[in-house]
Amino acid sequence: MLKTMNNLQLIRQNQPSLVLDPQNNLIRIHRNTLRLLKNPNFIQIMINPRSATIAIKSCNESDYRSERIKWEIIKDTHCCEFYSKVLIKSIVNTLMKENDHQKYYIQGHFIEQENLAVFHMKEMNVFQEGELI
């Protein structure tokens with residue numbers, strides 16, 4: 001079930017969160033998510049079509065499909081942004097409706113034993129036009 005929410009309702013201190021923006025090929029990972037993952041230098045973004053989830057975990061530079069966190073760029077911001085047509089297309093094709101040009105906020109769950117942030121697509125929230133993300 002999709003809900004419309006404002007940013008003030010979305011702030012939760014100990015839960016990971018991310019934003020999907022298919023129109024701009026953007027995944028925005030909020031800083032709290034990175035903090036929960038122990039401020040890694042590299043992460044993996046994984047998709048599970050069977051459970052309709054996105055997972056993020058810390059990894060090493062040598063791991064398959066690792067993404068570098070550019071701490072020097074995000075030091076004064078609240079999030080880390082990744083632009084990837086391939087990844088967004090994969091997410092849209094497996095987990096979302098085609099031609100969906102809305103921005104979505106997803107509040108996730110942190111599994112401490114596995115150092116893993118998991119985001120269920122069923123828990124997406126639609127952002128209204130003009131809202132700051």
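**A sheet, a packed helix and two buried polar residues**

In this predicted model, five strands form an open sheet in the order E6-E4-E5-E10-E9, and their pairing is antiparallel. The sheet ends at strand E6 (67-68) on one edge and at strand E9 (109-111) on the other, each of these edge strands pairing on one side only. Strands of a sheet are held in register through backbone hydrogen bonds, in either a parallel or an antiparallel arrangement. Within this sheet, strand E5 (residues 53-58) pairs with strand E10 (residues 116-120) in the antiparallel sense over 5 bridges, and Ile 56 has Ala 117 in E10 as its bridge partner. Helix H4 (residues 85-95) packs on the sheet, where it touches strand E4 (42-48) as well as E5, and the direction of H4 makes about 25° with that of E4.

Attention can now turn to two polar residues elsewhere in the chain. Asp 21 belongs to strand E2 (residues 17-21), and it counts as buried because its relative accessible area is 4%, under the 20% cut-off. The side chain of Asp 21 makes a polar contact with the side chain of Asn 24 at 2.8 Å, and, when residues up to four places away in sequence are not counted, Asp 21 touches Leu 26 and Lys 103. Although 106 residues separate Asp 21 from Phe 127 in sequence, their C-alpha atoms are 10.0 Å apart in space.

The second residue, Asn 32, lies in helix H2 (residues 31-36). Its relative accessibility is 17%, which is under 20%, and therefore Asn 32 also counts as buried. The side chain of Asn 32 reaches the backbone oxygen of Gln 15 at 3.0 Å.

How values were computed: Residues are numbered from 1 along each chain as its sequence is written. This is a predicted model: local features need pLDDT of at least 70, side-chain atom pairs count only at pLDDT 80 or more; totals for chains, interfaces and linings use all residues. Side-chain values use heavy atoms; hydrogens and water are left out. Helices (H or I, at least four residues) and strands (E, at least two) are DSSP runs, numbered from the N terminus. Buried means under 20% relative accessible area, exposed over 50%, partly exposed in between (1.4 Å probe, protein chains only). A polar contact is a pair of N or O atoms within 3.5 Å; within protein, one must be able to donate a hydrogen and the other to accept it, and residues adjacent in sequence count only if both atoms are side-chain atoms. Two strands pair if DSSP finds at least two bridges between them. Contact means heavy atoms within 4.5 Å. Axes are lines fitted to C-alpha atoms, for helices over the stretch in contact, and angles run from 0 to 180 degrees between N-to-C directions.
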